[in-house]
Amino acid sequence: MAYALEQLSNGLAIGSIYALIALGYSLVYSILNLINFAHGYVIMVGAFVALSLLQAGVPPAFAVLLACLSGVAIAVVVERVAYRPVRSSNRIVPMISALGAGFVLSSLAQLIWGPEVHPFPQLIPRVPLTVGALTLSSQSVVILAIAIGLVLAASWFLHRTKFGVAAQCVRQDLEAARLVGIPVNAVIVAIYALGGFLGVAGGVLFAMYFNAVFIQMGLLATTKAWAAAMLGGIGSFQGAFWGGLILGIAETGAVATFGAAYRDGVSLAVIVLVLLLRPNGLFGARLAERS
């Protein structure tokens, strides 16, 4: 029983990282009904920025904050260069444009940092925390706490502020929101920026958890986050969060039961099962009603 709870805590930690990354996808999709394929690559570059700052001797907290802000800047540039000019085109066009932006980011990162895997420092020490018969990793507990704190802050920002109300209006009807004076472009840029900030925060936690940062991390983050978003219901804020947690728990359970080789297979089988039962995802009902 204690072993199962320990694995559950590890699953929640990695799942909360997936949730942070998946929120960027769901935020953009909820507003524009577009898949931001460049999101994973923004996260990868942000993780590399954090590594470079740490290697330069910048204090960890400040380095992570600057890396998250770099994610904001890159996400805004992607929106302005790759999305806005083709926003009103066929939906395939901005998706291809975003994928191209992702490849550009990947090539630039490889040019700067090289193709090899870089070790990422352990900013949060892995100290065993003993509670009765249960032993937890301090790193998993802190990662889970950070992720929940960021998700709650983002949820408050999106649901309890004037910006959140404006974003909801844009989400319901973009043209009507524009007609009543809502600065639609500014709202969309802010959504991209928020997604970039949360995504890079998740990317740094991901790099720290697995003690590595690498170019292919962009594609890996894209795959995991997209799977989590689909599982929870694409376009749903709550769905991205719960989808990430479920995916993380499924992966950890697969590794603990069958071995690391089954990590992706079992977790993806869970997604297929859920989508067979609920094609819109766990929280996809509202999206279906909206469409």
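This passage describes the overall fold of a predicted model and then the surroundings of Pro121.

The chain contains 12 helices and 2 strands. Read from the start of the sequence, these elements follow the order α-α-α-α-β-β-α-α-α-α-α-α-α-α. The radius of gyration of the chain is 19 Å, which agrees with the value near 19 Å for a compact globule of 291 residues. Along the principal axes, the C-alpha trace extends over about 60 × 45 × 35 Å.

Of the 291 residues, 51% count as buried. Among contacts in the chain with a separation of 6 or more, 74% are accounted for by residues 24 or more positions apart. The accessible surface amounts to about 13200 Å², and carbon and sulfur atoms contribute 70% of this area. The chain carries 14 positive and 8 negative charges, and the mean positions of the two sets lie 8 Å apart.

At the level of single residues, Pro121 was examined. Pro121 is located in the loop that runs between α4 (92–113) and β1 (128–131). The relative accessibility of Pro121 is 32%, and the residue is therefore classed as partly exposed, since this class lies between the limits of 20% for buried and 50% for exposed. When neighbours within four places in sequence are set aside, Pro121 is in contact with Leu51, Leu54, Met208 and Asn211. For Asn211, the C-alpha to C-alpha distance to Pro121 is 6.5 Å, although the two residues are 90 residues apart in sequence.

Definitions and conventions. Residues are numbered from 1 along each chain as its sequence is written. This is a predicted model: local features need pLDDT of at least 70, side-chain atom pairs count only at pLDDT 80 or more; totals for chains, interfaces and linings use all residues. Side-chain values use heavy atoms; hydrogens and water are left out. Helices (H or I, at least four residues) and strands (E, at least two) are DSSP runs, numbered from the N terminus. Buried means under 20% relative accessible area, exposed over 50%, partly exposed in between (1.4 Å probe, protein chains only). Contact means heavy atoms within 4.5 Å. The radius of gyration is taken over C-alpha atoms; the globule rule is 2.2 Å times the number of residues to the power 0.38. Accessible areas come from the Shrake-Rupley method with a 1.4 Å probe; for residues, only the protein chains shown count as cover. Lys and Arg count as positive and Asp and Glu as negative; His and the chain ends are not counted. The place of a charge is taken as NZ of Lys, CZ of Arg, CG of Asp or CD of Glu.
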